[in-house]
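Student: Before we begin, may I ask how the descriptive terms for this model are justified?
Tutor: Certainly; let us take the terms in turn.

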Amino acid sequence: MISTLQPDKMGSYAPEDVMFLLRDISNVFLEMDNEKREQLIQTGTHYSEMLPMEYQPSKTYMDLFYKTLDTYAERIAIAVGVVAEQIIQNRGLDNLILVSLARAGTPIGILIKRYIQMRYKVNVPHYSISILRGRGFDETAIRYMLAQHPQGYLQFIDGWTGKGAITKELLHSCQKFNTQHQVQLNANLAVLADPGHCAAIYGTREDFLIPSACLNSTVSGLVSRTVLNLQFMDEEDFHGAKYYKELEKMDVSNLYIERIVTCFENVQSEIILQLQELPNTPITWEGMKSVQRIQQDFGIDNIHFIKPGVGETTRVLLRRIPWKILVNPQCIHELEHILLLAREKNVLIEQYSDMSYSCCGLIKEL
C-alpha cells in the first residue's frame with residue numbers, strides 16, 4: 001500500500017482547507033472548443049482525455065452569481081450542516097477523512113470541514129481526488145491517503161447527483177479496490193443535493209441551484225476538470241489537472257466559501273430541525289426513472305445525452321453542445337442563470353414537468 005509518489009501543490013484554496021491529490025499538467029494544451037470536443041466524445045474519445053475551454057462569464061452572469069450566492073447562502077449552509085451531522089452520526093470524528101470528488105465536490109468538502117471545525121473544534125483532514133465515469137477513482141490517490149492515515153475512514157463527498165453515474169462508479173471502484181487490497185472502503189456518498197435519489201447521505205433532495213455549479217474553475221480553486229490521458233501521463237501516477245493562473249483576478253473560490261461559512265452560526269437551530277425531520281427514505285433511483293421517461297418522450301438513443309438537474313444542465317450549457325433545455329414550470333423562478341445561459345447561446349427551452357428535477361439539459365447528437 002506504501003506510495004512514495006507526492007502530489008503537486010494545486011489550487012487557490014488555503015492548504016489547510018484542502019489538499020488536491022493531483023498531478024499538475026498546466027504545461028500541456030488540452031483545451032478544445034465545444035464543437036470539436038463534442039464530436040470526439042460522440043465518436044468514442046473519453047471525455048477525460050481533453051478539456052473544455054474555460055467559460056468566461058459575462059458581467060450579467062457574474063452579477064447573477066453574486067445574487068444567487070446571497071439568496072442561497074443560508075440554504076446551502078443548512079444543507080452543509082445536515083450532511084456534516086449525518087457523517088458524524090454514522091462515523092464519529094475519530095479517524096474521519098473527508099475525500100471530495102474533484103471538482104464539484106471540492107468546495108462542498110471544504111464547507112463540511114469548516115462546519116465540523118466550527119461546531120466540534122476538530123480539524124478533520126480533507127483531500128480532493130479524481131473520479132472519472134467509466135474509469136473509476138484515482139487509485140494512486142487512495143493509496144496515498146491510506147498510507148498517510150492507516151486507520152482512516154474515508155468519507156466520499158460530491159456536490160450533487162444527476163443520473164447517479166458517479167454513485168455507481170464509486171461503488172464499483174470501492175468494490176474493486178477492497179478486493180485487491182483487502183481493505184474496507186465505504187462507498188456511501190455524501191452530497192449536498194440529491195435530486196437523483198441515489199445518495200446515502202444528503203442535505204436535501206430538492207434540485208436547487210448550488211452557486212458553485214454556475215461557474216467552472218473560478219469557483220473550484222482555479223483547478224480544471226481532472227484528466228487521464230496516457231499519451232503523456234503515467235498510469236501509476238496521480239490523475240492530472242491544470243491550474244489556471246491567468247484567471248486569478250476572476251477567482252471567487254474563497255469568497256464563496258467565506259460567504260457560506262458566515263451563515264453557520266445563524267442556521268444551527270434550522271440544521272437540528274431538518275435533521276429531526278429528515279425522511280428515512282431509501283435510495284429509489286427516482287432520478288433515473290425520470291431520465292428514462294425523457295429518453296422515451298424525446299426519442300433519444302444514448303442516455304448519456306440526457307443530463308438532469310440544475311448542476312448538470314449548467315454544465316451542458318457551459319461545455320457541451322446543447323440541443324434543448326427542459327424546464328420544470330414549477331421551478332422556473334429558481335432557474336434564472338439557466339435561462340440567461342440558454343438565451344446567450346440561442347438554445348431552445350421547453351417546459352416539461354414529468355421529472356424529479358428542476359431542469360434537464362439534452363445534448364445535441366452530431
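Tutor: In this predicted model, helix α8 (residues 286–297) lies across β12, β13 and β15 (359–363), and its direction makes about 140° with β12. Helix α9 (residues 310–319) also packs on the sheet, where β12, β13 and β15 are touched; the angle to β15 is about 35°.

Student: What makes β12 and β14 edge strands?
Tutor: The open sheet has four strands in the order β12-β15-β13-β14, with mixed pairing. Strands β12 (306–308) and β14 (348–351) each pair on one side only, so they are the edges. From one strand to the next, the twist averages 20°.

Student: How do you know that β13 and β14 count as paired?
Tutor: At least two bridges are required. Strand β13 (residues 322–327) and β14 share four bridges, in the parallel sense, and therefore qualify as a pair. One of the residues involved is Val327, whose bridge partner in β14 is Gln351.

Student: Why are α4 and α5 called oblique to each other?
Tutor: The axes of α4 (residues 139–148) and α5 (residues 165–181) cross at roughly 55° and come within 12 Å. Roughly parallel requires an angle under 35 degrees, and roughly perpendicular 65 to 115. The crossing angle of roughly 55° fits neither class, and the two helices are therefore oblique. Their crossing is right-handed.

Student: Which residues make the contact of α4 with α5?
Tutor: Glu139, Ile142, Arg143 and Leu146 of α4 meet Lys176, Phe177, Gln180 and His181 of α5. By class, the contact comprises three nonpolar, two polar and three charged residues.

Notes: Residues numbered from 1 in each chain as written. Predicted model: local features only at pLDDT ≥ 70, side-chain atom pairs only at ≥ 80, totals over all residues. Heavy atoms only, no water. Axes fitted to C-alpha atoms, helices over the stretch in contact; angles between N-to-C directions. Contact = heavy atoms within 4.5 Å. Parallel < 35°, antiparallel > 145°, perpendicular 65-115°, else oblique. Left-handed = near helix turned anticlockwise from the far one by under 90°. Nonpolar A, V, L, I, M, F, W, Y, C, P; charged D, E, K, R; others polar.
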